[in-house]
Each structure stands twice: as C-alpha cells, then as structure tokens.
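This report describes selected local features of a protein model for a reader who has not met it before. Please keep the sequence and the structure in view while reading.

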Amino acid sequence: MASVEEDFPRGGKTKKSTDSKVTVERTKVDNLFQVKKKKKLHYHHMLEGMLLLGCVKEVADFEVTVSLPCGLQGFLSIRNVCEAYTKLLSEQLDSDVENEEFCSLSQIFWPGMLLRCVVSKMDITKGGSLSIQLSVNPKLVNKSLTSSSLTPGMVLSGCVESVEDHGTIIDIGVSGTKAFLPEDATQSKQHKKLKVGQYVTSRVEEVKNDGRVVRLSAAARASANAKQGWTLTNLLPGLTVKATIKKVTKHGLHLDFLNSFSGQVDFLHMEPESSYREGFQVQACVLYIEPTARLVGLSLRSHLLQPMSDINAAPPGGDRTGEVVNECKVTTMHHMSGAMLELPDKTPAFVHRNHLKEPSDPANDNKVSAMPKHTCRILDFSPVEQIYFASLRKSVIDQRFYRYQDIHAGQVVEGTVSVLLSHGMVLHLSEHVKGLVPRTHLSDIILKNPEKKYIEGMKVKCRVLSVDVDNRKLCLTRKKALVESTLPLFLSYDDARPGRVSHGFIVSIKDFGCIIRFYGNVKGLVPLEELSSEPIVRPEDVFYIGQVLKAKVLQCEPQKEKLLLSFKAAAEGEMEESTEPPIDCEVGKGVEARVVKKSVNGLEVVILPDEGRAVLPTVHLSDHMSNCQLLWEVLQEGDTVSDLICFNKNKQNITLTKKPRVRSSLEEGAVAKDFSEVTVGMQLVGCIRSIMSYGVFVEFPYGLVGLAPKSAMSDKFISDTTTAFEPGQTVIAKVTNVDEEKRRFLVTLKTSEVITSDGDARAALLNGVQERRAVKEMLTIRGALTLAALTVGQKLKLTVDSATQDGAKFKSDNLPGADVVASKRHVAGVSLTPGQKVNAVVLNVDILSTCVHVSVLPKLLGKKKSVKWAARSKPGSSEDEKPPVTG
C-alpha cells in the first residue's frame, strides 16, 4: 500500500497562504521572537518543535487550518493527528468497505476549537509564503513529559486512542503510561460521543504504579501552579498562570510567573482600555514556548483565560475579510510593529508595519500618524487575538478580486496562466484568487496539445462557470461561444423562463437526449425529439461532450430544479430572424460564426449571436491552400467556427476570413483602411484575388486591391503566371508605386524585396499543422477517425480484392468506404491473388478522396528505416522502391 503521505496532498500549500501575505507573515515571526530578520532557513530551524496555542479556523477534507498567535496561520494535516487515527486511515485506504470507526476531520475538529500544537515543519512555498505544518500528536506535544513527572491536577492534551465499554483510552504521548477517561467524565460538550483521533484536554485525577496508569477527568480549568513541577521544557500552551508585571513597555509587558519563569505579553494580547502597572498581579494564558530562545509568550485577553473550551472563530458581526473601509483613523503607532486602526464602527484593526506603505516606498511613520483619515482593506481575522488585520497599501486596496466572494458566475474575467495539468489549466485572477479551466473548456474543440497554445504567464480572457466560496473553488471556460455570448445568462433556474434562449454546453449524451449545462448548477434536458428538425436515432453520432449550443426553454420548474429545453426551437427561431438586414460588422472585428449552408465556393454563416449573415469563402479558411478544401469538407451545417475576423464588407455582404496571417495583421493594425493610407514601401498581408497573363491582383482588407506585375511576382523568371500562385493564396506584398489620380497601386511579391522572419515562417508552418490536427479532432468527434488516424509508415493487414498488371486493390474491414490501392511499382515481384491476406505499409492518405496508397514490397515492410525514407521520396523517381506521394 502507498504511504499516507502519498495518498493525501501536503497541507498548507493549497490554502490561503498567498504571496501578498508573505511579508506580513515573515515579519510577524520577527515580532514573535523579537529578533532581527534572519534567513529563511533560520526561521525554519527556530520554529520546528515549538509549542503553540492555536484555534481551528477551517476544516477541509485533508487538513485543518489553524490560527496561531501574532496573526500566523498553520496547517494540520490528516496524517498528523495521532498514531491511532493514522492507523485507521491506512486501513480505510486499503479497504473497499467503509470503516465505521473512521471519522472525517470535520467530525473530530470544528471551528473555534483550541488546540495545543507543535510545529512539525516550517517551509517556504514556491510563491515565497510561509507554510507552517502543525501536529497535535501527543507524542510530540507532550514529548518532554515522563511517567515520573505526571502529578494530579495537571491538565494535559491528548487524542482518543480507543473507545471502551466503560470509558476511553486517551493517548497522552507519555511512553509506558496508559491514560483512562471514565465514561462518567465524557458528558461535557467536548467529550460527548468521543471518536478515535478526537483531540481532548483532560485533568489528571490519579497517578498509579509510578505513572504507568493515570485516571483522567474532564478539565474544568487549565491552570498551573509551581507545585506541579513545571519546567521550561514541559510547560504547555493553554495553561493559565498567576503572574506579576515586572516591566511596562511601549509594545507590551514583561511578567514573572510560577516562581522562576519570565514571559512577555505583546500589545495585541493586552485587554483594551485596561491600565497595567509594575507589581500588579494578573491572570495570564501561555501562548507559546520556544525553549531554544527561552521565550514564553503570554496573553491577558479574557477569551483565552476561560477553561480550555471553544472560542469564537468567526469575527463578530460577520466575516469582513476583503472589505475596503474608508474613514479609518490611527489610534496608536508601534514603530517596530505597526499601527492600530479604529474603523468607523469603532472596530479595532491592526496594520503591520510592512502594510503601512507600498513595498518600494521608504518607511514614514510620522506621515501615517499625521493623516487624519485612512482607507484600508481588511486582510484577515485572527481568532486567537480576536482582531482584524488590515492593509493601507493602495495596490492591495485597488485589487479587483481579493476574495472568491468578489466573483460571480457568468462574469467575464482576465487571468494569468499558472500551470497546465492533465485535467485542465490553472489561472490566477489575482494573488488571492485562482480558478480551473477544465480540459474540455480550453477551446471550442478538444485540444490534444494545450501546451502549444497556452504558456505560463499568458493573459487570457474567460467566463466564470461556477463559484464555490466555501471551498474556494472557481471553474472557468475559454470557449469563445460562451465568453463572447450576448444572450441572457441562466445563472439560476428563475432566469430560465419559457421562451428564453441561451448558450449552454453539453455535459452528458443519453439515448433519450442531451443534458446541457449553463452557469452554477443550472442544467436541463433536451429530449430526443427536440434535438433537431431532422430525426436523430443516436445522439452520440451528432453531438459531443463540451459542445456549445443555443437552447430554448420549453418548461421550467425552479422549485424542483427541472428544465426542459430545445435545440430545434432555438434553430427555428434563428431561421425566422434570418430575414433581417445584414449587420454592420466592422472590418477587423473578431467574431464567431455558425455554418448555415455550404456552397461550392464557401460557407454561408451567421455571425453569433444572431447578428446577421456573412460569407466565409473556402480559400479564406486557411493560409495553407491544401488545408482549405479539407476544412470545407469537415465543416458541417450547424458547426461553430471560431477565430474569424471581418475581412471586408459592402452593401451586399460581409466577408470573413480565418487566415491566421491576415487575422494577425488586422489585430495588430498593420493594414491600410483606405486608399489614402497606402504609401510606397508599406508591407501588407493579403491574398491572391485573380490571376492574369500580365500579373496577379492581390486583395487586402477593407476592399483594397493591388496589382503585382508579372515581373514583380517572383525572383525567378515566370513564363506562365498560373503556375506561380493559386487564387486565395496568402501573400505578403510590398507597395512599389501609388497612382493617386487613378486610385490604384502596384506591389511586389518578390521574396528578396519583402521582409519576413524565420519566426513568421515557423508560425505559418505550425498553424498548418494545428489545422490538420483540428480536422482530425473534428473527424474524431464525428466518428470518422479511422482514415484520419492512419499515418505514413503504418503497417496494415489487408485482403487482396483484385490484382492487374497496373497494380492492385485491397479490402479492409477497418477502413470501410476507403479505396486502398497499390501502384504497379509497389507490387512488383510480389505474387497476389484475390482473397489473399497480405501485409502492407501506408505510403499516403488522401482524406478528401478517401484513398489510401500502400506498398507490399518486402524491403519496405521489413525495415522501419525504409518506410521513413519512402515517405520522404518524391514522385517521379526512377527507383522502383520509392513510393509515389499522391494527393
């Protein structure tokens, strides 16, 4: 079995310890020890093994977030509770059957619960934040206690080891000692219905057999006195002691307690509006012990001086974390620590010295004190101090997304790519908020190699699908149809009123229809008869998971969360609206369109969402002419085409283009919008409009057309202009002459006169490859992958259909409808008869003609090297073993 460490993630690094808090937390450690700032490794060394009093803040599946003194925050992993609980956890992981004894963390820990904990590990995360790993394992918390040091009256912490008939065995971490809590002592709120692993504090009532047996009772008060033999090594946080004030300073108090101990009280742990003088007797609570530096931190706050019980983990008046508050005033300045603020409602807040200014600004406490009013943002609430922590930094105050509550479903946001995972992409919307774009939502089509489209640090626009504030989870989409949709958003079932139309995405395909989801938890059913106006028998053959479609609401029952939808009604509504005049789409505007009709020369499309009709010529589907017809073939009516841009418009129609180079030039503004902007030397991206005997006309965006004379078409001599270019081919042209009187201009297409970079050539080649992959993905979606999946050099098992002196034809059950042929030279010397089973190697695949060219030559079948070499050979070679490259 894998270890528990491998089965569960390490705590702390997935929580709220973000970059913006690193300075706060680092300098809080300075306060904690009152030492000068040291290296990170020094903090790591000082804190490990340190005992602290903590308060449970949040409980998740695999870890507990714990508030610590001085505004610090730690994380208690599920594997750091106690040995009995870890054993149960391991058994649960090994077994397929649920163990009734095993309880989740939320059943044994709850917000507001006070804990004695020990720092098991101190680390710096990748983002630079402190990650404090904690443990409540009694063997670490009470490691300095021995059987002989146990005395009646001590209040110890422990974890339930086992539940017996008449009580509970408590693990107090003392070797050779069994601690028993009788059944009649388990009736308090804390001890009721104890479970294995549950943290408890108990009072030692009786010690027997030299400390080998201890009887416990429910702790009424966690007080300590000198008679119990406490030392600096075994003193425990949470104990209350009687202390004497020895010194009063600007930043706190120095106290003496238990005859020989000295400790310190930070100003945050002094009761407000209380006056303290030297010699006064006070009750104090032990907050932390650091034996190496011989430091004991104490608190005089009344909420910690009560018996070891729950305290308020939530701030009074509700959680205000992230709130921006105006009209705040500084009440006191602590020059080595920070400032105390009073909010307009008289609520106190503490601003650490690093948050009194921007990181790059010099410190100026006098300037802060002199300002009568301040604006702050509340960063956090510390249950241990029962106080808010705030920031005066303008950069923090101006952050748009500071908490998950600031985001709502349907909102369009911009994020930075953080990391690509197998199941999606993590985006950071701010230092505090991150979200996941599931793999199916990275694009309108499923990307097989998303790392080629997205790189770390890239800024991308998304739309929020759902927000889970409690668990700090954010789900986003990059599907252009959803991001740019202007249709009403269904954020709740109340929004889905009958007759309304909205964009949604398919999450499930059943025999009886499709389940389509919108935003949040809103989803509905499109029954079989409402999928299309044409009869559909197998929905999975027509639709795919993640597909974005428009759906019209037929029925909605918000109370029952039931929604009945129709694709057919939404499509019929589009046809009714198609009689409207064309929209005024600006040239250079990026759009998304749906195919409504295929014609010989292109596609008739509707610009989404329902803005009007446009044309997408076949030659404008790609920069690579070999891909244009292929893309036209695979696109079907109803398909959505993204990454389009308006190329030209006139009174009759709007022309769109998908050519990456043309689109890039329009997006970058490297175009002439009018003839008056055309100047000699200007370099433009366009496409061949028509080919004449004297040259070629090149069409550019905004309807501009230039002529490249025959002499300016190429660096080489051209006898026949039709052999140099193809209509629609993407070209880069340089203006050589402008005739303002006749409003015409000449261009050159010579590579020696046009400036291009290796990067542009590589990008163009990569675009061509990506388009081929997109075709393959679309064929995959439509179940026509068989032919597209073939690769040059792949070996096939075939059956001879016919053999003649000109070649042979083959059959294959795995290639239905495809023509599998071998030319004369690729069957030479091989005896073939109809019905014979043979092995063949793929030479070329022509998807458009559904033809596969193969060879049965032994020399190509026997050596992989020959297959690769054959795939590179050129047609017309005199060597028989070289296959022709067709199509």
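R472 lies in the loop that links strand 24 (459-468) with strand 25 (473-477). In this predicted model, R472 has a positive phi of about 50°, although it is not a glycine. Most residues other than glycine have a negative phi. D210 also departs from this pattern, with a positive phi of about 60° in a residue that is not a glycine. The place of D210 is the loop between strand 9 (199-208) and strand 10 (213-218). D210 counts as exposed, because its relative accessibility is 67% and exposed means over 50%.

A further positive phi, near 70°, is found at Y702, in the hairpin of strand 37 and strand 38, where five residues stand between the strands. Strand 37 (residues 695-699) is mostly covered, with four of its five residues buried. Strand 37 pairs with strand 36 and with strand 38, as set out below.

| Strands | Sense | Bridges | One bridge pair |
|---|---|---|---|
| Strand 36 (residues 683-692) and strand 37 | antiparallel | five bridges | S690 and F697 |
| Strand 37 and strand 38 (residues 705-709) | antiparallel | five bridges | G695 and P709 |

The connection from strand 36 to strand 37 is a hairpin of two residues.

The last feature concerns the surface. L765, L766 and V769 make a nonpolar patch of about 250 Å². L765 belongs to helix 13 (residues 758-781). With a relative accessible area of 57%, L765 is exposed.

Definitions and conventions. Residues numbered from 1 in each chain as written. Predicted model: local features only at pLDDT ≥ 70, side-chain atom pairs only at ≥ 80, totals over all residues. Heavy atoms only, no water. Patch = residues over 30% accessible without salt bridge, like charges linked within 9 Å, V, L, I, M, F, W, Y side chains within 5 Å. Areas by Shrake-Rupley, 256 points an atom, 1.4 Å probe, with all protein chains shown as cover. Salt bridge = Lys/Arg side-chain N within 4 Å of Asp/Glu carboxyl O. Buried < 20%, exposed > 50% of the residue type's maximum accessible area, 1.4 Å probe, protein only. Pairing = 2+ DSSP bridges.
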